[in-house]
Amino acid sequence: MSLHGAIDVVVSDVVAVNDLIKRFHFVRPDGEPLPAFSGGSHIVIEMHDGETLRRTPYSLSSSPFETGDYQVSIRRDDEGRGGSLYMHREVTPGTAMRISHPANLFSLDKRAPKHLMLAGGIGITPFMAQTAQLRDTGGVAELHYGVRSRALGAYLDELSARLGPRLHVYLDERDERMDLDRLLSSQPTGTHLYVCGPTPMIDAVLEAARRHAWPEAHVHHEHFAKSEPGEPFTVELRDSGLSVEVGEEQTLLEAIENAGVDAPYLCRGGACGQCETRVLSHEGALLHRDHWLSDEEHASGEKIMPCVSRCSGTLVLDR
Amino acid sequence: MSTSRIEPSIRSRPVYGTLCPTPATSHLCIADAAGGAAVLELFGKVPAGFAESAEIDYVPGAEDHTEALRALAPARFHVSPTVQALLPRLERHFERMHMGTQVYLAGSETLIGLAMKAGMEAGLDFEAMQTEHRGTLARRVQCVHCKGISEAVTTQPATCAHCGLLLLVRDHYSRRHAAFQGVNINAEDPSDVPPKEEVFP
């Protein structure tokens, strides 16, 4: 069960942004505007890849004020479970697809006198929408953007035009690094901090924010856990009376859905908490990969987030 | 130990905690009257070097802890005659401050509310500021009819200092106004005048 319904769309354009990133444009078949969204929102894209049904979250990177189409920018991940490869190889203009309504787990706090945004690589996508939103609503954004090389830095020109001197770019190829201590100790009262990027970057920023006594209410991060492949295992669904095999390339949530069980979800990235499920018993270890449950909950063995987490043996859920 | 006498009520009614030192780049303590004692107790719990990175702004009142606070030797110490006189100073503090300063507010609800309002106007989340209530329970009350604010209200009901209506002082609180809501208590029959009781001493 998608908590936010599904929208039938057609791919109207596919643009190669650079060697690794493609941008996909979705429109309604009837040409009507898509639902309104706010900067930082994501959609879940359904992909029917042969026998496999994948549902993967992607941030919307277009302006919230232009809903004639939705745009997502997807980096090809040759080691992932195949969602980005499917999008890069199979999806072309004219492809009919289904997407969820947008949901926002990374929204701007509009009370902030200044928004400090830190992006790493493809983590730039939510900030594309947010900087467009602030440009049109008059908020102050300062963006620090780390990328491997100038050639792989998506949207540098567009961001430079939008932000001028408030864009700071750090190129790995030139050994440039963000100075987090300087950055986080020099922000005016009321600044809100937003970070999106690879896990080590997010961890480093959150740690630096704690070190510099930033209040929790002022620190926001967007982190979709990758549902990595793993060993196959069996899950028993007590309420549904089913026993389901979870394949190597499948998530627990996908296996439950394929068995015809209507399970709740929203972000499919271990962040939002919607799919939280009670574990009745388990053999082998629970392989937690979410950012939702606390360390205590992880250790208790009583709960699991089926969108990203797995089990090394047989698992029994009350679903 | 908090010595607040505030009883649990509706969700809108603010609750306060006990000041507790938090690791931060610098510390801004704002207190009035009995709130000075809360700052003294805070300094009893702080690690070495705290005072050098701390600033205290104090408004003496029914109690005066000025000399004891000055003896804590904070990096800066300033005494204001009234909470209203302190406010422009606070605005300047928040303007020049950086993220990483911990704010501590102690004393009357009026001091805590107005200082918090100044912090919020500078963009700080209200939960980012520590609070501890000490001393008087007197309230700032906004009349819902004329919107005027009456200061230091101690009775229930209370007369609006602006339009003169007799107001039921509610626990319904506005962080934006730093005031409780006052609603006319005898609108149906103005000749029915309930006796005033001193309930916010």
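Biologist: Quick one to start: in strand 4 of chain A, what is the bridge partner of Met47(A)?

Modeller: That would be Arg54(A). Keep in mind that this is a predicted model.

Biologist: Noted. How do strand 3 and strand 4 of chain A pair, parallel or antiparallel?

Modeller: Antiparallel, over eight bridges, with strand 4 covering residues 52–59. The two strands form a hairpin with two residues between them.

Biologist: Which residue in that turn has a positive phi?

Modeller: Gly50(A), with a phi of about 60°.

Biologist: And what else does strand 3 of chain A pair with?

Modeller: Strand 3, residues 41–49, is joined to strand 7 (residues 103–104) of chain A by two bridges, and they run antiparallel. Strand 6 of chain A, residues 96–100, also pairs with strand 3 in the antiparallel sense, over two bridges.

Biologist: Which residues stand opposite Ser41(A) and Ile45(A) there?

Modeller: Ser41(A) faces Asn104(A) in strand 7 of chain A, while Ile45(A) has Ile99(A) opposite in strand 6 of chain A.

Biologist: Nice. Let's switch to chain B. How many helices and strands are there?

Modeller: Chain B has four helices and 12 strands. Its radius of gyration is 18 Å, close to the 17 Å from the globule rule for 201 residues, so chain B is as compact as a globular protein of that length.

Biologist: What box do the C-alpha atoms fill?

Modeller: Roughly 60 × 30 × 30 Å, taken along the principal axes of chain B. As for burial, 39% of the 201 residues in chain B are buried.

Biologist: What about contacts between residues far along the sequence?

Modeller: If you take the contacts in chain B between residues at least 6 apart in sequence, 62% of them join residues at least 24 apart.

Biologist: Is there a sheet in chain B you can walk me through? What is the strand order?

Modeller: Five strands make an open sheet with parallel pairing, in the order 3-2-1-4-5. Strand 3 (76–79) and strand 5 (129–133) of chain B are at the edges with a single partner strand each, so one side of each has no neighbour in the sheet. From one strand to the next, the twist averages 10°.

Biologist: How many bridges hold strand 2 and strand 3 of chain B together?

Modeller: Four, in the parallel sense, and strand 2 spans residues 54–59. Within that pair, Asp57(B) stands opposite His78(B).

Biologist: Which strands of the sheet does helix 3 of chain B touch?

Modeller: Helix 3, residues 83–96, packs on the sheet and touches strand 1 and strand 2 of chain B. The helix direction makes about 160° with that of strand 2.

Biologist: And where does helix 1 of chain B lie?

Modeller: Helix 1 (residues 35–43) lies across strand 1, strand 2, strand 4 and strand 5 of chain B, at about 150° to strand 1.

Biologist: Is that helix mostly covered or mostly uncovered?

Modeller: Mostly covered, with seven of its nine residues buried. Among them are Val39(B), Leu42(B) and Phe43(B). Besides sheet strands, the cover over the buried residues of helix 1 includes helix 2 (66–70) and helix 4 (109–121) of chain B.

Biologist: Last topic: how many residues of chain B are in contact with chain A?

Modeller: 16 residues of chain B are in contact with 16 residues of chain A. On the chain B side, eight are nonpolar, six polar and two charged.

Methods. Residues are numbered from 1 along each chain as its sequence is written. Chains are lettered from A and ligands numbered from 1 in the order in which they are written. This is a predicted model: local features need pLDDT of at least 70, side-chain atom pairs count only at pLDDT 80 or more; totals for chains, interfaces and linings use all residues. The radius of gyration is taken over C-alpha atoms; the globule rule is 2.2 Å times the number of residues to the power 0.38. A residue is buried if 20 or more other C-beta atoms lie within 10 Å of its own, exposed if 12 or fewer, and partly exposed in between; C-beta atoms are placed from the backbone. Two residues are in contact if their C-beta atoms, placed from the backbone, lie within 7 Å. Ala, Val, Leu, Ile, Met, Phe, Trp, Tyr, Cys and Pro count as nonpolar, Asp, Glu, Lys and Arg as charged, and the others, Gly among them, as polar. Two strands pair if DSSP finds at least two bridges between them. Axes are lines fitted to C-alpha atoms, for helices over the stretch in contact, and angles run from 0 to 180 degrees between N-to-C directions.
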